[in-house]
Amino acid sequence: MTYTRMISATVGLLALGAAFGAAPAAAADLTTVRFVYDWPSADFELIPTLVGQQKGFYEAEGLKVDVIFPPDSQTTARLLAVGQAEIGFEATTDVVFGASQGIPITSIGLYTKSNNWGLFGRPGEPLSLDNLKGKSIAIYTDSWTKAMMPFVLKAAKLTEDDVKLIIAQDSDTNLLLAGKIDIATNTENYLVPQVQETLKKDPTALVGKAAGAPDVPVWTYTASTDYLAAHGDVAKKWMRATIKATEWAVEHPDEAADMFTKAYPEGGSLAYNVSGWKLTAALMKGDTGYMMQEDKNWLPIAQALKDTDQIKDVLPASKYYTNELLK
């Protein structure tokens with residue numbers, strides 16, 4: 001999805017590290033899992049995957065995980081559906097829209113458990129739903145922004161004609177700081193650290209329900225149903241290793257961010273990655289533990305999209321997610 005990221009020019013595969021105290025498996029003995037990201041380059045939300053590689057969690061499960069960066073933020077599900085990757089990372093709205101279109105993709109574990117997307121203004125500038133009329137608002141063409149903006153406009157009692165929607169091709173945070181737009185649409189973990197690093201101040205913000213948006217998870221791990229039917233055992237191994245890597249990264253945020261910054265130096269400064277990862281990590285566990293999903297995580301998304309005429313029907317929750325890899 002296209003909340004603003006610190007764009008990295010780095011495109012390639014991450015290297016595996018040595019396993020904890022275990023003799024490394026021969027490369028020929030490892031099963032390759034291609035992990036396709038949701039963004040054309042690396043940013044700190046890739047930290048669990050990187051930790052799993054460099055700390056040997058995947059190798060301990062007999063896996064070699066290769067990271068694929070898609071050409072744009074709308075290709076992840078398509079690569080999974082045609083068998084060009086095994087596991088994906090994308091917005092929860094991608095899953096709901098995909099299900100409504102019959103795309104055989106399902107969520108296998110929630111990356112985060114709540115909605116930290118919203119509207120952001122420059123430090124000190126008033127921001128409320130009551131003063132949006134006439135403002136220039138940067139948006140993206142991804143499924144998440146497409147899904148959330150109708151809620152914002154409805155809550156503000158406005159239409160698209162009442163505001164100036166500017167499609168951001170790159171960083172809307174940069175556009176905001178340069179004074180080229182009035183409001184950025186983004187998530188806290190990406191925008192706030194960049195504003196803090198640049199201005200040493202916090203932006204004004206309307207996040208989640210304050211922006212009129214439903215409180216639903218933003219990111220999730222996905223896979224094609226065909227792949228899970230044929231290779232569920234491999235997918236379970238990937239999930240076990242990823243949960244372990246996530247737990248380690250949450251418990252060691254500074255070290256994890258340093259690891260990422262060294263692997264992807266063009267993905268932002270160490271300070272930015274530390275701040276962004278800590279904000280991200282705080283959203284991951286929830287009441288049910290890492291990855292676990294419930295109907296209440298999915299049905300409100302679908303209902304909200306139906307209520308704003310973005311999908312025709314709300315499908316059974318089983319069409320959106322499975323917890324089979326967590327058993």
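These notebook entries record what I looked up in a predicted model.

**Entry 1. Aromatic rings**

I began with the aromatic side chains and found 15 aromatic pairs in the structure. I examined the pair formed by tyrosine 37 and phenylalanine 89. Their ring centres are 5.3 Å apart and their planes meet at 10°, so I recorded the pair as stacked. The cut-off behind this label is that planes under 30 degrees apart count as stacked. I then asked where the two residues lie in the chain. Tyrosine 37 belongs to the loop between β1 (31-36) and α1 (47-54), whereas phenylalanine 89 is in strand β3 (residues 87-91). The pair thus links distant parts of the chain, with the two positions 52 residues apart. I noted both tyrosine 37 and phenylalanine 89 as buried.

I also looked up a ring with a charge over it. The charged end of lysine 146 sits over the ring of phenylalanine 97, at 5.4 Å from the ring centre.

**Entry 2. Strand β8 and its partners**

I turned next to strand β8, which spans residues 183-187. Is this strand mostly covered or mostly open? I found it mostly covered, since five of its five residues are buried. Ile183, Thr185 and Thr187 point one way from β8, while Ala184 and Asn186 point the other way. The residues on both faces are buried.

Which strands are joined to β8? Strand β5 (residues 117-121) is joined to β8 by four bridges, and the two run antiparallel. Within this pairing, I found glycine 118 of β5 bridged to asparagine 186 of β8. Strand β6 (residues 136-139) is joined to β8 by two bridges, and here the strands run parallel. On this side, alanine 138 stands opposite alanine 184.

**Entry 3. Helices α7 and α10**

Two packed helices are described by the angle between their axes and the distance between the axes. I therefore looked up both values for helix α7 (residues 188-199) and helix α10 (residues 270-281): the angle is about 145° and the axes are 9 Å apart. The crossing of α7 past α10 is right-handed. From α7, the contact is made by Glu188, Asn189, Tyr190, Pro193, Gln194, Gln196 and Glu197. From α10, the contact residues include Ala271, Tyr272, Ser275 and Gly276; Leu279 and Thr280 of α10 also take part.

**Entry 4. Two positive phi angles**

Most residues other than glycine have a negative phi. I noted two residues with positive values. Lysine 200 has a phi near 65°, and its place is in the loop between α7 and β9 (204-207). Methionine 291 has a phi of about 75° and lies in the loop between α10 and α11 (295-307).

Which of the terms buried and exposed applies to each? Lysine 200 counts as exposed because its relative accessibility is 68%. Methionine 291 has a relative accessible area of 3%, so I recorded methionine 291 as buried.

**Entry 5. Lysine 164**

Finally, I looked up lysine 164, which is found in strand β7 (residues 164-167). Its relative accessibility is 52%, so lysine 164 counts as exposed. What does lysine 164 contact, leaving aside its neighbours within four places in sequence? I found Gly134, Lys135, Ser136 and Ile137. I also recorded a separation from valine 195: the two residues are 31 residues apart in sequence and 22 Å apart in space, C-alpha to C-alpha.

Key: Residues numbered from 1 in each chain as written. Predicted model: local features only at pLDDT ≥ 70, side-chain atom pairs only at ≥ 80, totals over all residues. Heavy atoms only, no water. Phe/Tyr/Trp six-rings, centres within 6.5 Å; stacked < 30°, edge-to-face > 60°. Buried < 20%, exposed > 50% of the residue type's maximum accessible area, 1.4 Å probe, protein only. Lys NZ or Arg CZ within 6 Å of the ring centre and 35° of its normal. Pairing = 2+ DSSP bridges. Axes fitted to C-alpha atoms, helices over the stretch in contact; angles between N-to-C directions. Left-handed = near helix turned anticlockwise from the far one by under 90°. Contact = heavy atoms within 4.5 Å.
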